[in-house]
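The following exercises are intended for a reader who meets this structure for the first time. Each task is followed by a solution in steps.

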Amino acid sequence: MSENIDNGETALALLRDMLRIRRFEERCAELYGESKIRGFLHLYIGEEAVAVGAVRALGPDDAIVATYREHGHALVRGVSANAIMAEMYGRREGCCRGRGGSMHLFDAATRFYGGNAIVGGGLPIAVGLALADRLQGRAGVTAAFFGEGAVAEGAFHESMNLAALWRLPVAFFCENNFYAMGTALARSESQTDLCAKAAAFGMPATKVDGMDVMAVHEAAREAVRQVRGGGPVFVEFQTYRYRAHSMFDPDLYRDRAEIEAWKKRGPIHNLSNRLKALGKLTEAQFLALDAEATKEVEAAVAFAEAGSLEPIEDLALDVVAGRKR
Amino acid sequence: MRISYREAMRMALHDALASDPRVFLMGEDVGKYGGSYAVSKGFLDEFGPERIRDTPLSELAFVGAGIGAALGGMRPIVEVMTVNFSLLALDAIVNSAALYRHMSAGQFHVPLVIRMATGAGRQLAAQHSHSLENWYAHVPGLTVVAPATIDDARGMLAAALAEPDPVIVFEHVMLYNVEGELGDAWREADLRSARVMKSGRDVTLIAWGGTVGKAIEAAEALAADGIDAEVVDLRVLRPLDDATYVASVRRTHRAVVVDEGWRSGSLAAEVMARIMEQAFYDLDAPVARVCSEEVPIPYAKHLEDAALPQPAKIVAAVRRMLGGAAGASR
């Protein structure tokens with residue numbers, strides 16, 4: 001780890017991305033309170049290290065399949081904060097012209113295949129994307145992000161089996177935040193060691209501290225290296241969401257003490273403190289990164305505020321090609 | 001050339017695999033076994049295991065993988081053994097395949113063809129015999145077709161593969177062994193239009209898939225009584241080609257819809273509603289329908305027969321509509 005963090009440039013880039021997500025998400029929560037954003041909104045606050053470390057391990061030709069808690073992944077992948085914020089505002093300037101909203105961000109330019117709000121629903125699709133890469137002789141890797149709740153779904157087991165059977169280039173990135181909505185892992189799984197599930201498919205598996213972005217990044221890079229030209233790999237990132245499952249969730253199922261304990265391990269101050277201790281980051285530099293993140297978010301809010309509405313006449317566009325119903 | 005429906009479908013698949021390297025076939029027992037209805041027999045040897053992919057019994061994963069492969073630039077053909085089993089993949093079809101173009105505002109689309117066997121008649125009992133075409137025909141984003149003829153079995157697959165969006169092809173199990181003449185019409189097979197199979201003056205029988213043959217049989221029986229029935233094969237269940245069947249009903253002023261699905265919430269109900277909306281004042285009688293009885297399809301032959309639409313039931317429905325005098329008034 002220490003040799004990795006010595007690469008101050010990488011570490012600072014990862015810190016910057018985590019701050020971008022954190023400020024973006026905090027602003028989303030405020031905007032939700034102001035009714036600017038509606039529907040379901042699932043915040044990623046606390047889990048930033050996973051998306052940042054893992055997405056940054058991918059190349060431009062790789063593909064991503066994500067969940068409904070995916071703003072951070074999209075942001076790090078290169079979907080603009082403007083396009084994401086405008087999407088949450090339901091504006092035509094959004095990445096999906098207001099069709100998807102918070103849970104369904106898509107971006108063809110960065111091979112970002114959603115934004116899937118069916119738990120486990122993205123996993124078979126990731127297997128197929130990997131199959132397409134293989135059949136067309138491309139060296140791409142498909143990263144499938146999913147929560148630990150998804151391991152209870154048949155889609156998880158079927159997809160793990162198919163990917164392992166056909167040795168397809170899928171990186172199964174499990175974001176274990178220990179709660180499937182309000183149901184703790186131990187209350188829903190007979191086997192809570194998620195890596196043991198991967199072993200059942202003969203798939204290499206690693207458990208990683210998902211609050212440590214350097215550890216996440218290193219593990220993800222290793223996983224992607226193994227997957228590229230090899231077979232699928234499973235990585236469990238142990239992480240925690242500070243906020244409730246969604247804006248509708250009263251969060252009655254977790255101890256305050258547990259939340260506070262995880263917050264002490266927070267990915268942003270965890271990394272910034274270490275960098276400061278190593279003399280690779282000053283408080284002034286940290287504040288500058290933070291201010292830059294806030295500026296990006298405020299610009300995105302202004303962009304979304306100034307956005308326009310998709311004309312109602314275009315309601316039935318993009319149901320099937322070239323046809324209106 | 002006289003061939004079977006199975007052979008026509010097989011030729012279509014063969015053409016697709018031979019002409020487009022993006023096409024591959026995936027499903028349970030499509031390879032070594034040769035296809036559960038023997039449609040892909042010999043393909044594994046000819047095209048190899050990368051393109052003729054036997055899958056585990058994981059409908060959700062392999063249909064979903066078909067979606068992903070389509071997103072990734074391939075033209076997958078996924079075979080699901082029966083429509084009953086497709087319910088295990090319903091999430092992938094309804095929540096992903098049908099929605100990606102819309103949710104992504106046209107950035108992504110899913111050019112996937114899903115073939116599945118449907119229907120009853122082989123005494124396969126309740127978990128292998130249902131007709132759930134209407135479930136899929138309900139969903140925006142899907143195109144749903146039911147080739148009923150040799151020409152359509154031969155021609156519709158290529159048209160389906162040319163679609164940029166998901167297409168579900170329903171192959172009725174009782175059709176595979178049916179033989180007929182393959183002409184040239186298959187080359188023009190589209191995924192938009194219904195077809196008048198037999199023209200007539202007195203009543204329009206609207207059918208699709210496995211019921212087209214039964215409607216034609218009924219029309220022949222009615223002809224013996226001097227009733228001239230027109231038969232329309234819907235061919236495409238979504239989007240429905242209203243123009244063709246409504247025009248037919250405007251000519252005949254009567255319609256009977258024949259649907260192997262259950263009556264409640266059926267596709268027949270949808271067709272009847274559209275006739276009512278578009279041709280109410282052209283009707284001489286309420287539109288009637290002949291559907292499956294509302295029971296799970298039973299095993300025993302006599303019970304299975306009784307549960308399904310049959311030519312005799314269609315004939316009876318037409319006679320009821322025309323009044324006891326069996327068309328004498330015309």
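**Exercise 1. Locate Gly115(A) in chain A, and describe the peptide bond that leads to it.**

Solution. In this predicted model, Gly115(A) lies in strand E2 of chain A, which covers residues 112–116. The next step is to examine the bond from Gly114(A) to Gly115(A): this peptide bond is cis, and its omega is near 25 degrees.

**Exercise 2. Determine where Pro239(B) lies and what form the peptide bond from Arg238(B) takes.**

Solution. Pro239(B) belongs to the loop of chain B that runs between strand E12 (236–238) and helix H10 (242–252). The bond from Arg238(B) to Pro239(B) is cis, with omega near 0 degrees.

**Exercise 3. Classify Arg97(A) and Ala38(B) by phi, by place and by accessibility.**

Solution. Begin with Arg97(A). Its phi is near 55 degrees, a positive value in a residue that is not glycine. Arg97(A) sits in the loop between helix H5 (81–88) and E2 of chain A. Arg97(A) has 30% relative accessibility and therefore counts as partly exposed, the class between under 20% and over 50%.

Turn next to Ala38(B). This residue, also not a glycine, has a positive phi of about 60 degrees. Ala38(B) is placed in the loop between strand E2 (23–27) and helix H2 (43–47) of chain B. With a relative accessibility of 28%, Ala38(B) is partly exposed.

**Exercise 4. Describe the interface of chain A and chain B.**

Solution. First, establish the participants: 40 residues of chain A and 43 residues of chain B take part in the contact. Second, consider the area. The size of an interface is often expressed as the accessible area that is lost when the parts come together. Chain A and chain B bury about 3400 Å² between them, and carbon and sulfur atoms account for 63% of it.

Third, look for specific pairs. One salt bridge is found across the interface of chain A and chain B. The salt bridge joins the side chains of Glu50(B) and Arg134(A), with an N to O distance of 3.3 Å. There are also 13 residue pairs in polar contact between chain A and chain B, both residues being at pLDDT 80 or more.

Fourth, assign the side of chain A that touches chain B to its elements. Those that give two or more residues are E2, helix H6 (122–135) and helix H7 (154–165) of chain A. H6(A) gives the most, nine residues. By type, this side of chain A consists of 23 nonpolar, eight polar and nine charged residues.

**Exercise 5. Analyse how the two domains of chain B meet.**

Solution. Chain B is divided into domain 1 (2–188) and domain 2 (195–322). Taken over C-alpha atoms, the centres of these domains are 26 Å apart. In the contact, 30 residues of domain 1 face 26 residues of domain 2. The two domains bury about 2100 Å² between them, with 56% from carbon and sulfur atoms.

The count of salt bridges between the domains is two. Asp152(B) and Arg195(B) form a salt bridge, their closest N and O atoms being 3.3 Å apart. On the side of domain 1 that touches domain 2, helix H7 (133–137), strand E6 (143–145) and helix H8 (150–162) of chain B each give two or more residues. The largest share, four residues, comes from H7(B). By type, that side of domain 1 divides into 16 nonpolar, 11 polar and three charged residues.

Terms used: Residues numbered from 1 in each chain as written. Chains lettered and ligands numbered in written order. Predicted model: local features only at pLDDT ≥ 70, side-chain atom pairs only at ≥ 80, totals over all residues. Heavy atoms only, no water. Domains from an automatic or database assignment. Contact = heavy atoms within 4.5 Å. Buried area = accessible area lost by both parts, 1.4 Å probe. Salt bridge = Lys/Arg side-chain N within 4 Å of Asp/Glu carboxyl O. Nonpolar A, V, L, I, M, F, W, Y, C, P; charged D, E, K, R; others polar. Buried < 20%, exposed > 50% of the residue type's maximum accessible area, 1.4 Å probe, protein only. Polar contact = N/O pair within 3.5 Å; in protein donor to acceptor, adjacent residues only side chain to side chain.
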